[in-house]
Amino acid sequence: MFIKKTTKTVNNKKYYNYLLLESVSTDKGPRHKVICSLGNLKEFIDTANLLETARKVEKVLSGLTLFESDPLVDFIVDKAQINTNDKNAEKPTKSTLSNTESVNDEPEFAVIDTKSIKLDNACEGGSIHVAHQMWKHLELDSILGMSGLDNKAIALTEVLTINRLVEPLSEHAVKDWAKRTAIYDIFGGDLPPINDTALYRNLDKLYPHRKEIEHNLAEVEKKLFNLDQTIYLYDLTSTYFEGTSLLNSKAKRGYSRDHRNDCKQVVVGLVLNKDGFPVAHEIFDGNRSDTTTVNDILNRLDERTNGQKGLTVVVDRGMASRENLKSIVNHKNQYNYIVASRQPEREQHLAYFEDTGDWQDIERSSSISNPCQKKSRVLIKQVEKDDELHILCVSDGRIQKDKAIRETKEQKFIEDLKKLEKSIVGGSLTSNDKIYEKIGRLKERYPRVAKYYFINFDTNTRLLTWQENKELKDAGCQA
């Protein structure tokens, strides 16, 4: 439903009227249906939020919710109900009158005057209830109990978990959040006092037991959701600290994904199964390099999968060094791996891309998150090289994405070349060594596009020129 303002001019004077409308589907498409006329609303219009008012009116008319009394909402609801009753009224007949008079049974419903109802201490309950039921289905009370946690620790852990699902906040803010929700009603008298000190100390109790908690939870999820246990995805992130973190031995300065090199951080490694469920995690020193974490995480995966052999590990190209790939294959459980190759390695396959034979056409279905998304097609080719199976892919989406990135970089590259040329012609840059140094830095800054250009500086004429290598560019853009 929505409220629409209409204007009518009579004798050069404007008159305003508001209509309560709803959208309805017809054979000719969506149309607006007038529910009732509201007049000029001059008593309310100065302070009214018509969009919010229409939403409240729709809720009251549907009987789904009640809220604190609003004069404008009450006025519109009365108008809508009177108009609806007038339209639905039927002239009584003798038979209906006699039948009505002869019925002495008590009515099966009661009329409630919504204006007389007041709402106090409204709180969020639906999402809390769903999260609480999910907690039970995952048998987390039993899992935490087996790890040695008492009932108080289990309850506080559930409160933290539900908060992270519903409205993620700091431990300090959880106390006020709990007061705004139905979490005390759902737990009844079993919920201990919630404060930041209790929550912080509870986290300290959980961390030493993370291995058995993760293992037992993964086993329950596997049975409950019939999860695929053959493919695992591993990636890293980091989280930084504002303070000095003197008591945290892992907090160190390193490569910050949050662009906060001024803060100490820790690196977090996470393993997910094919269905996106967490299986294991590990916290590394903040200055730990990505490539050095693979062996540690493989050992964690051994523990979570009971040493199952022949599983497949998916890592990104940042961890795809030759040493790491060998470690995955030579690990005691003989893991397989899937990895996106780095750009120099992709260029080694240019000859295979130019060969038009042996390509398979695959249609990719729309994603779960966007089922209306148009299906796309991908061409793939399998190439065996050095005891590895390489899957070459060509897709319209990837081609367009790479083209857009390349064109943006190329535009900036040309602009910087023109700036360098202007500096040389203007005389602000006279040293040949400095000019060649500038050219070298441009090639380092734009490696994806600089390789497709011949750049030349003539020391005699003092001219900087560049020319596109079209043949190399056309071949490289197909990969």
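Two strands count as paired here if DSSP finds at least two bridges between them. In this predicted model, that bar is cleared at the N-terminal end by strand β1 (residues 2-10) and strand β2 (residues 13-26), which run antiparallel and are joined by nine bridges. Within this pair, K5 sits opposite Y18 of β2. The hairpin of β1 and β2 has two residues between the strands, and N11 takes on a positive phi near 55° there.

β2 also pairs with strand β3 (residues 29-39), again antiparallel and through nine bridges. Here L20 of β2 faces C36 in β3 as its opposite number. The chain gets from β2 to β3 by way of a hairpin, with two residues making the link.

Next, the nonpolar cores. The largest one has 19 residues, and Y234, V271, L301 and Y335 are the ones that touch the most other members. Strands and helices both chip in: β4 (231-241), β5 (264-273), β6 (278-285), α11 (294-304), β7 (312-315) and α12 (322-330) each supply at least two residues of this core. The largest share comes from α11, which puts in four residues.

Y335 deserves a look of its own. Setting aside neighbours within four places in sequence, Y335 is in contact with L298, L301 and D302, as well as T305, Q308, L311 and V313, and finally I328 and V329. A further core, of 17 residues, lies apart from the largest one; L420, I424, I435 and F457 are among its members.

How values were computed. Residues numbered from 1 in each chain as written. Predicted model: local features only at pLDDT ≥ 70, side-chain atom pairs only at ≥ 80, totals over all residues. Heavy atoms only, no water. Core = buried A, V, L, I, M, F, W, Y, C linked by side-chain atoms within 4.5 Å. Buried < 20%, exposed > 50% of the residue type's maximum accessible area, 1.4 Å probe, protein only. Contact = heavy atoms within 4.5 Å.
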